[in-house]
Amino acid sequence: MPASFNQFVTEAITGPVPDPPGVKLVKEGLKVKHPVVFVPGIVTGGLELWEGHPCAEGLFRKRLWGGTFGEVYKRPLCWAEHMSMDNETGLDPPGIRVRAVTGLVAADYFAPGYFVWAVMIANLARLGYEEKNMYMASYDWRISYQNTEVRDRSLSRMKSNIELMVSTNGGNKAVIIPHSMGVLYFLHFMKWVEAPAPMGGGGGPDWCAKHIKAVMNIGGPFLGVPKSIAGLLSAEAKDIAVVRTMSATHPCASLGRAITPGVLDNDIFRLQTLQRVMQMSRTWDSTMSMIPKGGDTIWGDLDWSPEEDYAPSIRKQKKIDTQVVNKDENGSMASQRKLKNYGRIISFGKDVAFAPSSEIERIDFRGAYKGCSVANSTCRDVWTEYHEMGIEGIKAVAEYKVYTAGSLVDLLEFVAPKMMARGSAHFSYGIADNLDDPKYQHYKYWSNPLETKLPNAPDMEIFSLYGSGLPTERGYIYKFSSSADCYIPFQIDTSADDEDEDGCLQDGVYTVDGDQTVPVLSAGYMCAKGWRGKTRFNPSGIRTFIREYDHSPPANLLEGRGTLSGDHVDIMGNFGLIEDILRVAAGATGEELGGDQVHSDIFKWSEKIKLQLLELLTAIAFWWKWPSPDKCLSAWMLED
Amino acid sequence: MSFLRRRKGSETSKSQNSDSHNDKQEKSKRKGDDESKRKADEEKIRKWSCLDSCCWFIGCVCLTWWLLLFLYNAMPASLPQYVTEAITGPLPDPPGLKLWKEGLKAKHPIVFVPGIVTGGLELWEGHQCADGLFRKRLWGGTFGELYKRPLCWVEHMSLDNETGLDPSGIRVRPVSGLVAADYFAPGYFVWAVLIANLARIGYEEKTMYMAAYDWRISFQNTEVRDQALSRIKSNIELMVATNGGKKVVVIPHSMGVLYFLHFMKWVEAPAPMGGGGGSDWCAKHIKAVMNIGGPFLGVPKAVAGLFSIEAKDIAVARAFAPGVLNKDVFGLQTLQHIMRMTRTWDATMSMIPKGGDTIWGGIDWSPEGGYNCNAKKLKNNDTCTARQNGNGDLASTKKVNYGRFISFGKDVAEAHSSKFERMDFRGAVKGSNLVNKTRCDVWTEYYEMGVGGVKAVADYKVYTAGSILDLLQFVAPKLMARGGAQFSYGIADNLDDPKYNHYKYWSNPLEMKLPNAPDMEIYSMYGVGVPTERAYVYKLTPASECYIPFQIDSSADGGSVDSCLKGGVLSVNGDETVPVLSAGFMGAKGWRGKTRFNPSGIRTYIREYDHAPPANLLEGRGSQSGAHVDIMGNFALIEDILRVAAGATGEHLGGDQVYSDIFKWSEKIDLQL
């Protein structure tokens with residue numbers, strides 16, 4: 001059968017397929033110019049075994065993660081053992097070395113036939129790219145960012161390779177393309193490379209300015225993902241509640257499910273599936289990098305949230321062309337609707353989720369006595385920390401009733417103190433008041449955009465490319481699970497549904513606009529507002545651009561994952577996105593792409609977030625220069 | 001179609017038959033119930049036979065297949081090992097495990113430099129016919145495409161015959177990473193065993209680097225086109241910096257040895273032509289270079305390959321992919337197609353024997369003159385040296401003229417030099433074209449040589465290493481013009497001559513100085529005890545139109561059993577590809593002590609590994625092999641490498657380890673040092 005058989009059939013049904021962007025742009029005369037660096041996200045990178053216990057014999061340099069996942073079926077317990085990290089240090093357990101696959105093969109296909117970067121690589125190759133000017137910065141996505149450097153020298157490798165590619169390509173600066181968690185990893189890299197040597201890479205304060213032309217973040221969870229909370233709290237998210245797959249802890253839940261349906265279901269691990277998954281994924285420090293950042297200021301509190309007026313039905317009806325008009329017309333209508341309490345990321349019980357804040361009585365759990373252990377001690381081989389919480393502890397958690405982004409971190413610290421102790425040494429979730437405070441030189445702040453300054457590189461460009469138009473998890477309604485001995489005491493209440501059809505609540509999960517994993521707010525806020533112009537987070541005024549790609553599902557089965565997808569991973573095959581990347585790699589700037597391209601309400605929502613963006617002194621000077629009545633007043637008050 | 005129709009016909013006739021049977025049955029039904037029942041049963045059985053037996057057959061096949069698959073999966077992976085152990089006793093621990101128990105740990109980062117042929121190549125841009133092969137391996141792996149679309153494959157593997165670079169619209173690039181050369185084909189390891197053993201003592205990808213490069217193009221072009229040398233430099237610097245300043249151990253294999261010589265000169269040369277690393281780069285970054293089977297002074301096989309694309313085993317390629325390059329695949333004109341392809345590969349010219357008659361011997365003299373092929377075969381490991389000394393006199397009675405690389409006719413090969421007349425071919429008129437151009441689209445340059453030219457070549461009768469170059473220039477002027485810009489094969493009189501700063505001299509150890517790095521160590525590690533091609537007896541082929549006019553005279557055999565001449569090929573001690581002389585001379589004499597080639601006195605060590613064939617089939621390629629590629633699985637060699645990687649020096653290993661007569665032969669070479 002000819003290899004292009006699928007294509008024939010598709011063309012017969014839907015008419016000729018458009019040229020892939022690579023072919024199209026070659027015809028326009030575009031050529032290879034800037035070297036390209038890919039930074040893969042969590043889950044998508046392959047991991048292979050370098051040293052293992054006797055049960056993993058014969059697997060030397062075979063993929064444990066990625067590929068066919070054959071070993072998961074053959075020896076599941078052995079597999080889970082080798083994929084876990086040490087739960088004290090977050091590094092390798094003794095006698096086990098699992099390392100990231102290197103080279104383009106690390107993440108071109110996640111499983112046979114399931115592309116991640118392959119489509120983009122193929123299109124870049126049309127312009128003349130090859131391995132001398134493409135680099136896959138693969139790293140072990142299970143461990144914390146700084147540990148990838150300590151253990152594997154991953155950051156040093158990336159630095160050295162970027163320097164090499166820039167110098168061998170006639171000084172053309174690199175275009176960086178991080179995806180998903182790679183976005184945070186590259187934020188970390190940019191701080192690391194300029195920091196002085198013992199902790200950082202010692203590249204000097206102008207390293208980024210000299211070596212980077214643009215950072216094109218694809219689906220970046222800049223401010224975290226609510227999904228990770230559900231993953232950490234109860235190892236479930238909307239996906240896992242339905243199909244039990246492990247990847248629920250990750251933004252690529254849909255990916256994992258699509259590829260390995262039933263891989264980790266009860267039959268393989270027999271009992272205690274969720275705990276096994278939880279045990280394994282809780283040893284992965286990197287999952288904690290995606291806990292929502294910025295607290296109530298960004299994500300909203302009990303009564304308020306930036307996306308509160310979001311109504312999915314409007315988005316469902318809209319046509320791409322008339323979208324803006326539609327939105328304006330429906331603006332008043334939408335505001336009349338019941339506002340969504342997205343700020344309540346976790347509510348115990350559906351009634352609590354909808355009640356006005358004055359009616360909720362909350363009892364602080366923070367100091368609560370955890371009580372003696374309820375669970376049978378035989379359960380302790382599964383390390384979930386829940387067995388250390390007694391009935392009182394669980395009760396205290398439930399009685400606080402509603403958790404906003406700010407109190408979530410406290411909740412996790414109460415529920416899983418050991419894990420969070422490990423995580424807080426590597427990540428931070430706050431907002432910096434004064435970025436010049438010397439404490440912000442520590443590496444744990446480097447991956448949080450609200451606690452770092454961008455490098456001093458005025459010629460650099462930062463793009464935020466992400467899909468929109470898909471329902472994305474934003475808040476959860478929890479309930480107690482029936483207290484089986486060895487079970488996780490909380491569970492998503494799948495019976496909680498909205499009454500009206502355009503409700504965002506389904507099966508206990510509140511959804512909002514996004515790419516199915518990352519909400520628009522998290523992917524877009526920094527580029528829409530936090531870094532726009534010269535702010536205190538972006539002192540050199542690096543230009544930022546937002547490029548949204550509206551989701552439209554593949555027209556028929558033969559199209560596979562579609563060329564117009566906005567899904568978190570499938571967007572890597574989106575022709576619009578690939579074309580943008582190719583143009584930038586061939587030398588175009590953000591203005592030449594057409595600046596911002598927005599389908600969602602990201603700018604409106606960003607405006608609602610009250611985050612101080614200017615340095616205090618700058619702010620005062622600003623007010624003095626252009627006095628307006630209210631600003632004058634406030635400036636005067638400040639002076640006083 | 002007709003077959004199908006016939007079958008249909010027979011089926012319908014059968015059904016008619018059965019219809020008539022049914023009629024009869026109805027009649028007989030009245031006779032009695034019992035009888036009719038029995039008859040019906042019989043009928044059923046007969047009806048059952050046709051279609052159902054087909055189904056049964058398919059079912060059985062499926063079941064058997066499934067069962068075999070099940071058994072195969074159920075079989076423990078170590079079954080061959082069990083069987084082997086039952087036959088030969090327990091296997092020794094692999095060296096990695098053994099040394100790990102001794103407490104050795106990863107210390108120095110490692111760089112692998114693969115040789116010719118062993119590195120994988122993949123397609124990045126191709127013509128229409130290579131659709132769907134993007135980033136698939138054209139070379140290495142299963143070679144599936146070679147069978148599916150041979151002409152397309154040849155087209156993509158060839159380079160431009162003027163520039164030696166990519167033809168337009170085709171980009172074939174080396175695979176990068178350890179996967180580039182760990183296995184050449186599924187199950188056929190190259191570096192994999194070494195990597196696995198290194199991993200046992202703690203190595204992983206941050207401390208191991210595979211310096212993959214496109215082995216088809218000239219060494220300097222790998223830098224010009226792919227920046228391969230810059231990548232090696234950058235990666236070595238990175239590994240040294242991230243491993244606490246511990247210098248790297250470099251392990252080149254086969255042609256990689258020459259490539260790394262080139263690299264060492266390149267990296268210290270100033271920027272436009274070189275890497276600009278400064279004159280102490282090697283001293284700062286390299287602890288040891290452990291050359292495995294290095295053809296320092298070239299390989300005679302390369303001459304046969306270039307001259308008539310045949311050697312005992314069609315150059316190196318046949319050794320790796322037996323049967324891959326045979327005639328059936330390409331249909332007609334196999335050899336020319338291969339020749340056209342391999343002649344576009346500049347790298348093959350890096351292995352033409354270097355040093356001329358001084359090294360390889362003249363018409364009546366050669367360093368290995370006293371070598372007795374039979375003695376080697378009879379010897380036991382322990383008594384080897386003694387036997388050879390003892391046989392010295394015997395061997396000298398019948399001297400083999402190894403210096404005569406190519407002889408036309410067996411009598412010429414054995415006759416004394418005074419007994420034959422040679423006509424100089426160099427100025428000879430090539431004559432008018434012998435062949436019809438239109439019918440020979442294959443580019444081998446032979447069609448430009450008329451009858452006169454071919455005759456002139458044959459009339460010269462004997463070619464030594466020195467005149468081989470002239471011969472190749474006569475036979476293939478375009479090819480050698482390309483090669484002459486990239487490689488050089490002479491001996492330098494004065495190494496300080498500024499002309500030796502040109503890159504074409506960098507891969508010839510006789511025309512370059514080693515870097516100024518007194519702490520560095522250079523090892524020559526190679527197998528011995530396998531007959532290796534050293535000289536050839538040629539004949540003219542019957543002048544079929546599009547054929548290569550020269551051929552090895554495979555009927556030429558030495559008279560006695562212990563003759564080195566077999567099938568037109570004179571063989572000598574070596575590792576089946578590289579003769580001992582080429583692999584060992586530089587380490588044994590050319591660089592030993594402070595010589596003009598080695599001004600800083602870098603210490604050199606020779607480590608020979610005597611070949612012992614695998615005891616039985618289950619051992620695969622053996623753990624004591626000395627063959628050119630199989631030596632990569634030799635336990636003793638791996639152990640040496642692991643020890644050096646963990647910090648040992650050459651003295652710790654025990655200095656030289658020699659089984660052949662390399663020191664004796666080296667002494668005979670009269671080279672100014």
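Cys527(A) is buried, at 0% relative accessibility. Its sulfur sits 15 Å from the closest cysteine sulfur, in Cys208(A), which is too far for a bond. Keep in mind that this is a predicted model. Across all chains, a search of the whole structure turns up 2 disulfides, and chains A and B also share a contact that includes 6 salt bridges.

**The disulfide in chain A**

- Cys55(A) and Cys78(A) are bonded to each other, with 2.1 Å between their sulfur atoms.
- The link of Cys55(A) and Cys78(A) is right-handed, with 80 degrees about the S-S bond.
- Cys55(A) lies in the loop between β2 (47-51) and β3 (63-65) of chain A, while Cys78(A) belongs to helix α4 (residues 76-83) of that chain, so the bond ties together parts that are 23 residues apart in sequence.
- As for cover, Cys55(A) counts as partly exposed because its relative accessibility is 32%, whereas Cys78(A), at 8%, counts as buried.

**The disulfide in chain B**

- Over in chain B, Cys129(B) pairs up with Cys152(B), and the S to S distance is 2.1 Å.
- This link of Cys129(B) and Cys152(B) is right-handed, at 80 degrees about the S-S bond.
- The bond connects distant parts of the chain: Cys129(B) is in the loop between β2 (121-125) and β3 (137-139) of chain B, Cys152(B) is in helix α6 (residues 150-157) of chain B, and the two are 23 residues apart.
- Cys129(B) is partly exposed, with a relative accessible area of 31%, but Cys152(B) is buried, with 8%.

**A cysteine outside the disulfides in chain B**

- Cys60(B) takes part in no disulfide, and the nearest cysteine sulfur, in Cys62(B), is 9.4 Å away. A disulfide needs the two sulfur atoms within 2.5 Å, so that distance rules the bond out.
- With a relative accessible area of 40%, Cys60(B) is partly exposed.

**A nonpolar patch on chain B**

- Here is one to look up on the surface: Leu63(B), Trp65(B), Trp66(B), Leu67(B), Leu68(B), Leu69(B), Phe70(B) and Leu71(B) make up a nonpolar patch. Together they have about 890 Å² of accessible area.
- One of the patch residues, Leu69(B), belongs to helix α2 (residues 33-74) of chain B.
- Leu69(B) is partly exposed, its relative accessible area being 38%.

**Where chains A and B meet**

- The contact draws on 28 residues from chain A and 29 residues from chain B.
- Between them, chain A and chain B bury about 2600 Å², and 48% of that is on carbon and sulfur atoms.
- There are 6 salt bridges between chain A and chain B. Glu204(B) forms a salt bridge with Arg99(A), and their closest N and O atoms are 2.4 Å apart.

**Chain A as a whole**

- Chain A has 27 helices and 17 strands.
- Of the 640 residues in chain A, 60% are buried.
- Take the contacts in chain A between residues at least 6 apart in sequence: 75% of them join residues at least 24 apart.
- The accessible surface of chain A is about 23900 Å², with 56% of it belonging to carbon and sulfur atoms.

Methods
Residues numbered from 1 in each chain as written. Chains lettered and ligands numbered in written order. Predicted model: local features only at pLDDT ≥ 70, side-chain atom pairs only at ≥ 80, totals over all residues. Heavy atoms only, no water. Helix = DSSP H or I, 4+ residues; strand = E, 2+ residues; numbered from the N terminus. Buried < 20%, exposed > 50% of the residue type's maximum accessible area, 1.4 Å probe, protein only. Patch = residues over 30% accessible without salt bridge, like charges linked within 9 Å, V, L, I, M, F, W, Y side chains within 5 Å. Areas by Shrake-Rupley, 256 points an atom, 1.4 Å probe, with all protein chains shown as cover. Salt bridge = Lys/Arg side-chain N within 4 Å of Asp/Glu carboxyl O. Contact = heavy atoms within 4.5 Å. Buried area = accessible area lost by both parts, 1.4 Å probe.
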